[in-house]
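Student: I am new to this structure and should like to understand how its helices are described. May we go through the reasoning behind each term?

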Amino acid sequence: MRLAGALLIAACPIATAAARADTPREIYDRGKAAEAAGDWPTALSLFMDAAEQGYAPAENSIGWFAEHGQATRKDPEIAMQHYRRAAEAGDPDAQNNLGLL
């Protein structure tokens, strides 16, 4: 009985950490920090994770990366797709970027 209780107590921090998933905003913020540090591949990966969860500013950032060829090939069509998704979700920066593209 003591062993089962000890295992349960030992597993609690792991279960608690797993239950606290990062929000799309937190993932995006980590992406912005990676971008500021010049770690373009990590930033793009984090933006993609946040965008998959519906975070419009992350879609806008992916569009910017595609427009400018950061951590990916330059592709205005892909940029437009991401800008459009973010713009339709109400992101004002994406609306501006879409208009400028």
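Tutor: Let us begin with a contact in this predicted model. Pro24, Ile27, Tyr28, Arg30, Gly31, Lys32, Ala34 and Glu35 of helix H2 meet Trp40, Thr42, Ala43, Leu46, Phe47, Asp49 and Ala50 of helix H3. By class, these residues comprise nine nonpolar, two polar and four charged.

Student: What makes Gly31 of H2 part of a contact with H3?

Tutor: Contact requires heavy atoms within 4.5 Å, and Gly31 is listed among the residues of H2 that meet H3.

Student: Why is H2 called roughly antiparallel to H3?

Tutor: The axes of H2 and H3 come within 8 Å and cross at roughly 165°. Angles over 145 degrees count as roughly antiparallel, and therefore H2 is roughly antiparallel to H3. The crossing of H2 with H3 is left-handed.

Student: Why is H4 called roughly antiparallel to H5?

Tutor: The axes of helix H4 (residues 56-68) and helix H5 (residues 76-88) cross at roughly 165° and come within 8 Å. Because the cut-off for roughly antiparallel is over 145 degrees, H4 is given that description relative to H5. This crossing, too, is described as left-handed. Among the residues that make the contact are Ile62 and Trp64 of H4, and His82 and Tyr83 of H5. The contact of H4 with H5 has eight nonpolar, three polar and three charged residues.

Student: Why is H5 called oblique to H6?

Tutor: H5 and H6 pack at an angle of about 140°, their axes being 8 Å apart. Roughly antiparallel needs over 145 degrees, and roughly perpendicular covers 65 to 115. The angle fits neither class, so H5 is oblique to H6. The residues in contact include Met80 and Arg84 of H5, with Gln95 and Leu98 of H6.

Student: How do you know that H4 is largely enclosed by the rest of the structure?

Tutor: Buried means under 20% relative accessible area. Of the 13 residues of H4, 10 are buried, and so the helix is largely enclosed. Pro57, Ser61 and Phe65 are among the buried residues. What covers the buried residues of H4 includes H2, H3, H5 and H6.

Student: How do you know that the length of H4 agrees with the expected span?

Tutor: The expected span is 1.5 Å times one less than the number of residues. For the 13 residues of H4 this gives 18 Å, and the end C-alpha atoms are 19 Å apart, which agrees.

Student: Which residue follows H4?

Tutor: Glycine 69 follows H4, and its phi is positive, near 70°.

Notes:
Residues are numbered from 1 along each chain as its sequence is written. This is a predicted model: local features need pLDDT of at least 70, side-chain atom pairs count only at pLDDT 80 or more; totals for chains, interfaces and linings use all residues. Side-chain values use heavy atoms; hydrogens and water are left out. Axes are lines fitted to C-alpha atoms, for helices over the stretch in contact, and angles run from 0 to 180 degrees between N-to-C directions. Helices (H or I, at least four residues) and strands (E, at least two) are DSSP runs, numbered from the N terminus. Angles under 35 degrees count as roughly parallel, over 145 as roughly antiparallel, 65 to 115 as roughly perpendicular and the rest as oblique. A crossing is left-handed if the near helix is turned anticlockwise from the far one by less than a right angle, and right-handed if clockwise. Ala, Val, Leu, Ile, Met, Phe, Trp, Tyr, Cys and Pro count as nonpolar, Asp, Glu, Lys and Arg as charged, and the others, Gly among them, as polar. Buried means under 20% relative accessible area, exposed over 50%, partly exposed in between (1.4 Å probe, protein chains only).
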